[in-house]
Amino acid sequence: MAVHLSIIISNKRKKSLHWKNNPKDMKKTFTFLFLFLSVVGFAQEVDLEAIHRIKQEGLNNSKVEEIAFRLTDASGPRLTNSPGYKRAADWAVQQLTGWGLKNATLEKWGDFGKGWQIEKSYAAMTAPYYFQISATPKAWTGGTNGPIAGEVTLLAIEKEEDFKKFEGKIAGKIVLVKSGANTNPTFEADASRITDEELEKMAKQPIGASSRYTPEMIAQYMARRAFSRKVDQFLINEKAQLVIRGRNGKHGTYFTSNGASYSADAPPAIAELETVPEHADLMARLIENGVPVKVEADIKTSFYNETGSYNVIGEIPGTDKDLKAELVMLGGHLDSWHAGTGATDNAAGCIVMMEAVRILQATGLKPKRTIRIALWSGEEQGLHGSRGYVKNHFADPADMKLKAEHSKVSGYYNIDNGTGRIRGIYLQGNDAVRPIFEKWFTPFADMIDNTTVTIQDTGGTDHLAFDAVGIPGFQFIQDPVEYNTRTHHTNADTYERLMMDDLKQMAVIVATFVYNTAQRADKLPRKPLPAAKGPSQF
């Protein structure tokens with residue numbers, strides 16, 4: 001047996017391989033062929049010169065600190081439809097335009113409801129001694145109409161029969177609700193990185209949701225939520241003057257709730273403060289031990305009746321005549337809760353995405369497909385901004401009638417898990433993109449320990465809006481840092497909680513993924529189209 005093989009290299013050189021009845025030579029040849037084809041495949045997916053330029057710009061000329069300042073300190077809390085959200089969105093449009101992006105604008109996605117912000121908030125215990133209360137008005141609740149003062153009534157309603165005890169007894173009163181939080185000392189660090197063992201477990205998990213919650217846990221949560229709403233309605237019906245509610249948290253940190261109703265026709269909600277659990281429980285213990293507690297408070301909030309809500313949109317136009325009509329999208333939600341300045345949730349994601357498009361502009365790279373950035377509103381109330389956008393541009397999952405733009409989108413990338421660096425990506429059940437993403441992570445071995453590409457889904461944020469209509473949507477795996485212990489929806493979610501080096505790493509990787517998606521010959525592989533979900537969706 002005699003075999004002769006010629007391989008053309010760079011169109012000019014030929015490498016001739018010849019063996020005759022020599023298995024050892026044959027093995028060497030096939031090894032060479034395998035390596036050669038692997039290099040060719042890698043080169044088709046990864047432009048190392050472009051990645052070098054992205055790294056140089058993102059690591060040596062980073063603007064993440066300036067963007068972070070503007071979106072947090074300068075804008076303040078960014079509750080959807082609030083003045084703070086408008087400040088941040090207007091600045092983002094101006095900045096994207098200044099970097100040279102095209103079509104930067106505020107695009108209406110639909111009607112959200114009332115805007116709201118805090119104008120003044122003060123509360124203190126005045127008896128049996130003076131003690132400042134650390135608290136924030138609950139979102140979309142009213143004020144006290146000036147200073148108030150009075151004795152506090154402890155509301156202990158844990159089951160249905162407890163309501164009778166308080167009927168007719170709390171009208172015009174200041175009412176205290178205990179926190180129920182675990183405030184024991186903490187023996188583990190608040191901040192953490194994902195361990196190699198945890199990443200390995202993620203990589204091996206089968207397709208499906210990554211939820212930590214069992215159906216039983218979810219059912220218990222829904223039951224508690226329904227009972228809490230019944231208590232809220234009872235307080236309104238009984239005409240309480242002010243509610244002081246202890247929240248989960250510890251060591252001065254407290255997690256805000258989902259707020260009162262923001263719908264345009266919602267009746268006014270009574271004034272309510274959400275407070276650090278230690279302060280609520282201090283007052284509760286005094287009352288339970290027969291010591292009267294008095295509180296003074298002065299709360300002023302404002303409502304805004306402009307119900308329409310807007311996303312920030314901007315583009316880097318594509319340059320290839322055949323591909324420029326196609327899209328690569330990246331984004332994160334710009335809205336936040338209001339006890340802090342929404343630094344890790346989710347200014348961090350917006351910082352990364354804005355920096356990613358800035359990097360691509362600054363490097364002078366010319367994407368073949370159009371790159372579109374979106375900073376969403378209304379995410380915290382149910383992914384409203386991204387879902388409204390997807391419904392307007394691509395499809396409504398209720399009927400799955402596809403619009404013309406649906407076929408043009410290659411993929412959407414999202415960041416919304418805090419300030420922690422990227423450790424990998426969730427495939428969202430789309431196993432066909434695994435070899436593509438694994439190649440794209442290869443140049444970042446110096447920036448990521450134990451890169452993980454997992455088939456499993458992850459939820460709770462804006463990539464779901466795209467995935468729901470069959471458009472590839474992805475969320476990156478991130479180190480949690482303090483996200484679940486200190487910053488997610490808390491009063492501690494401020495600029496200081498941002499890790500700038502981690503944000504730089506994320507921006508470089510996102511910029512590369514977006515650029516690679518814009519350059520590859522084909523759009524990213526898609527999962528089968530989902531069936532229509534019916535009118536309950538979006």
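Ala-127 stands opposite Lys-294, a residue of strand β13, and this pair offers a way into the predicted model, since the two strands concerned, β4 and β13, are joined by eleven bridges and run antiparallel. On β13 there is also a place for strand β7, which runs antiparallel to β13 and is joined to it by four bridges; here Gly-150 has Val-295 as its bridge partner.

These pairings belong to an open sheet of eight strands with mixed pairing, whose order is β5-β4-β13-β7-β8-β9-β12-β6. Its edges are formed by β5 (131-132) and β6 (135-137), each of which pairs on one side only. At the β6 edge, three bridges link that strand to β12 (residues 271-275), and the two run antiparallel; within this pairing, Thr-136 has Glu-274 of β12 as its bridge partner. Helix α7 (residues 277-288) packs on the sheet, where it touches β4 (115-127), β5, β7 (148-154), β8 (174-177), β9 (242-246), β12 and β13 (294-304). The direction of α7 makes about 110° with that of β8.

From the sheet we can turn to the nonpolar interior. In soluble globular proteins, nonpolar side chains tend to be buried together. The largest nonpolar core here has 70 residues, and those with the most contacts inside it are Leu-71, Met-354, Tyr-413, Ile-425, Phe-437, Phe-476 and Val-510. Taking Ile-425 as an example, and leaving aside its neighbours within four places in sequence, this residue is in contact with Tyr-413, Phe-437, Phe-441, Thr-452, Val-453, Thr-454, Phe-474, Gln-475, Phe-476, Ile-477 and Phe-513. A second, separate core has 21 residues, among them Ile-174, Ile-244, Leu-273 and Ile-299.

How far the coordinates can be trusted varies along the chain. The mean pLDDT of the protein chain is 92, with 90% of its residues at 70 or more. Among the elements, strand β16 (residues 370-376) has the highest mean pLDDT, 99, whereas strand β1 (residues 2-9) has the lowest, 36. Over residues 1-20 the pLDDT stays under 50, although the model has 37 contacts beyond four places in sequence for this stretch. Over residues 29-40 the pLDDT likewise stays under 50, and the model has twelve such contacts there, again counted beyond four places in sequence. Where pLDDT is low, the predicted coordinates should not be read in detail.

Definitions and conventions
Residues numbered from 1 in each chain as written. Predicted model: local features only at pLDDT ≥ 70, side-chain atom pairs only at ≥ 80, totals over all residues. Heavy atoms only, no water. pLDDT = per-residue confidence, 0-100. Contact = heavy atoms within 4.5 Å. Core = buried A, V, L, I, M, F, W, Y, C linked by side-chain atoms within 4.5 Å. Buried < 20%, exposed > 50% of the residue type's maximum accessible area, 1.4 Å probe, protein only. Pairing = 2+ DSSP bridges. Axes fitted to C-alpha atoms, helices over the stretch in contact; angles between N-to-C directions.
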